[in-house]
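Before reading on, please take a moment to look over the sequence and the fold together. The paragraphs that follow move from a single residue outward to the whole chain.

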Amino acid sequence: ILFGVVLLMTLQLNIFTAETAMQQNLTAFNQERVTGNESGLGYSGMIEYDLAQIGYGDSLAPSVTLADTNLITFRADIDNNGSVDSVKYYVTAPSSIPPGGNQNLKYLFRKQNTESGLEGWVGVSQFRILYLDNMGRSLPAPVSSASLSAIRSIRVQLALESATRVKSDWDTTFASSYWETLISPANIK
């Protein structure tokens, strides 16, 4: 009986250790997707770069043409080739989620000019954009066309979650990573 109790305790310790290691690995994977690694930019790097370019090379005002809580469209010479590009970030829900999968997941899309925007980044559980005026006051979203030129700063909140549960089917824990930044584009009009 004593041997059986010790064996069960050892098995439980092994299960706990495996679950903890899996959660740490999924969290590290999500964090790498957010911040990137040595070989390239993550989601946050691309978003931050693009939003900092708002209005660059563009003489028209307002630079932001559409502003909502999870969607932004703006003009800028993103690739520095002398022509003004239109860039759009938005989220959509996936068409199907497997049973037991994470119901919070969405696709984050980046569309530049006439690109189809069909390749989205899956695993986004939150993509929220807040728009601030020159006094740091929040503008209500969706921002009306009359107020688009008042946007001076943009706060982006991005959260990623794993597609599968960390422990088992009955547990609702998903590995997650969170990133937030405030961007004040120098050329925004």
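Two residues are said to be in contact when heavy atoms of theirs lie within 4.5 Å of each other. With that in mind, and remembering that this is a predicted model, one can begin at D77, which sits in the loop between β4 (71-76) and β5 (85-92). Leaving aside residues up to four places away in sequence, D77 touches Y56, G57, G82, S83, V84 and D85.

What is the nearest side chain of opposite charge to D77? That side chain belongs to R110, which is 10 Å away, and D77, although buried, has no salt bridge. A salt bridge would require a side-chain nitrogen of Lys or Arg within 4 Å of a carboxyl oxygen of Asp or Glu. The side chain of D77 does, however, reach the backbone nitrogen of N80, at 3.1 Å.

A second place to look is strand β9, which spans residues 153-161 and is largely enclosed by the rest of the structure, because 8 of its 9 residues are buried. Strand β10, made up of residues 176-183, pairs with β9 in the antiparallel sense over 8 bridges, and within this pairing R155 has L182 of β10 as its bridge partner.

Stepping back to the protein chain as a whole, one finds 2 helices and 10 strands, arranged along the sequence in the pattern α-β-β-α-β-β-β-β-β-β-β-β. Of the 189 residues in the chain, 38% are buried, while the accessible surface comes to about 10800 Å², with 57% of that area belonging to carbon and sulfur atoms. Among the contacts between residues at least 6 apart in sequence, 53% join residues at least 24 apart.

Conventions: Residues numbered from 1 in each chain as written. Predicted model: local features only at pLDDT ≥ 70, side-chain atom pairs only at ≥ 80, totals over all residues. Heavy atoms only, no water. Helix = DSSP H or I, 4+ residues; strand = E, 2+ residues; numbered from the N terminus. Buried < 20%, exposed > 50% of the residue type's maximum accessible area, 1.4 Å probe, protein only. Areas by Shrake-Rupley, 256 points an atom, 1.4 Å probe, with all protein chains shown as cover. Pairing = 2+ DSSP bridges. Lys, Arg positive; Asp, Glu negative; His and termini not counted. Polar contact = N/O pair within 3.5 Å; in protein donor to acceptor, adjacent residues only side chain to side chain.
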